[in-house]
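Me: Please take a close look at a single part of this model, one strand together with its surroundings in the sheet.

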Amino acid sequence: MSTGKKSTTPNDPIRFAIVGFGYIGRRHAETILKNPNSRLISVCDIDPGKDFEGISDEVYKYNDFVKMMDESPEFDVLCVATPNGLHAEHALTGLEHQKHVIIEKPMALKKADGEKIVLKSNQVSKEVFCVMQNRYSPPAEWLKKVVSEGILGKIFMVDINCYWNRDSRYYRNSNWKGTSDLDGGTLFTQFSHFVDLMYWVFGDVKDLQARFNDFNHNDLTDFEDSGIISFDFVNGGMGSLRYSSSIWDKNMESSITVIAEFGTIKIGGQYMNKVEYCHIKDYDMPELEASAPPNDYGTHQGSASNHHHFYNNVIGALRSNEPITTNAIEGLKVVEIIEKIYELNPYFKLKKNGK
């Protein structure tokens with residue numbers, strides 16, 4: 001177990017360690033280093049040639065996760081930014097070492113593993129923070145408000161479209177992306193943020209039906225690249241999720257259209273980052289703050305860069321018991337919904353079994 005001096009006052013910086021130092025791990029490090037209320041203690045990546053450029057000599061660097069957990073100077077929170085299939089294992093190890101845990105999306109690749117995380121966090125009385133930074137997007141926050149306050153009335157229909165590019169430029173340079181055991185599938189890696197937004201705003205789903213295809217990823221991934229999912233919301237109304245990573249050359253859009261009793265809304269753009277349509281009875285659309293730019297990963301772009309908001313929430317929750325933006329139960333629910341969808345997916349099952 002780690003040893004060292006623990007924080008003695010509520011105003012001491014929250015101390016972090018990161019396991020996994022790829023694109024997203026580096027984004028976490030940059031965010032921690034910029035926040036005056038946080039301190040980066042240690043980083044770990046299994047690649048012995050990993051470039052830790054920009055990370056000062058004061059930060060301890062490891063190529064062995066077990067060694068970091070046993071020998072690192074004391075820290076408060078373990079940030080898990082490893083491949084998806086390792087999230088549960090690393091999160092559980094962090095909890096066993098009496099650390100709070102941040103888990104990059106998805107929380108796990110199986111509901112059963114997510115349940116183990118929830119159980120362990122309760123047993124050791126440590127918090128689990130699931131990274132779903134799209135909740136901080138101004139259009140998403142606004143949509144949540146108008147739905148939860150009943151401004152739209154009854155929800156009739158919700159249509160979510162996610163059309164992104166993920167081609168050989170994305171998959172060929174990785175030893176885990178596209179694999180069933182470490183990546184998990186298009187919905188887990190590319191679009192779980194939007195499944196989370198759907199659940200956060202409209203609640204759980206039932207009566208799922210699905211169609212899938214693999215148009216141009218047969219030699220790149222172990223799973224489908226496109227799907228059309230339909231369902232009903234437990235709270236009323238019906239919905240659909242249409243997604244594809246087979247879009248040529250660059251991302252096209254992520255959008256959500258809501259048709260309701262008293263109005264219609266569409267949030268669009270490449271990353272659900274702008275309101276494209278708003279027509280609501282007796283309602284004036286407010287001016288929203290500008291959305292953050294997308295995360296830029298060189299060969300591709302991802303969802304909005306809102307990790308600074310996320311870390312402010314982590315620090316606020318640990319210092320003064322602020323509500324956690326995406327807690328372990330909500331992270332688990334996203335995994336459960338995606339798992340239910342993939343249970344309907346013949347492409348995933350066939351490829352996973354080597355057929």
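Reply: The account below follows strand E5 and its neighbours. This is a predicted model, in which local features need pLDDT of at least 70, side-chain atom pairs count only at pLDDT 80 or more, and totals for chains, interfaces and linings use all residues. Residues are numbered from 1 along each chain as its sequence is written, and side-chain values use heavy atoms, with hydrogens and water left out. The mean pLDDT (the predictor's confidence in each residue, from 0 to 100) of the protein chain is 92.

The open sheet has 6 strands (DSSP runs of E, at least two residues, numbered from the N terminus) in the order E3-E2-E1-E4-E5-E6, with parallel pairing. Strands E3 (60-62) and E6 (128-130) stand at the edges with a single partner strand each, so one side of each is left without a neighbour in the sheet.

On one side, E5 (residues 100-103) is joined to E4 (residues 77-80) by 4 bridges; two strands pair if DSSP finds at least two bridges between them. Cys79 has Ile102 as its bridge partner, and Leu78 stands opposite Val101. Val101 also stands opposite Val128 in E6, and E5 and E6 pair in the parallel sense over 3 bridges. The chain crosses from E5 through helix H4 (residues 111-124) to E6 in a right-handed β-α-β crossover, right-handed meaning that, with the strands pointing away from the viewer, the path from the first strand over the helix to the second runs clockwise.

Both faces of E5 are covered: His100 and Ile102 on one side, and Val101 and Ile103 on the other, are all buried, that is, under 20% relative accessible area (1.4 Å probe, protein chains only).

How values were computed:
Buried means under 20% relative accessible area, exposed over 50%, partly exposed in between (1.4 Å probe, protein chains only).
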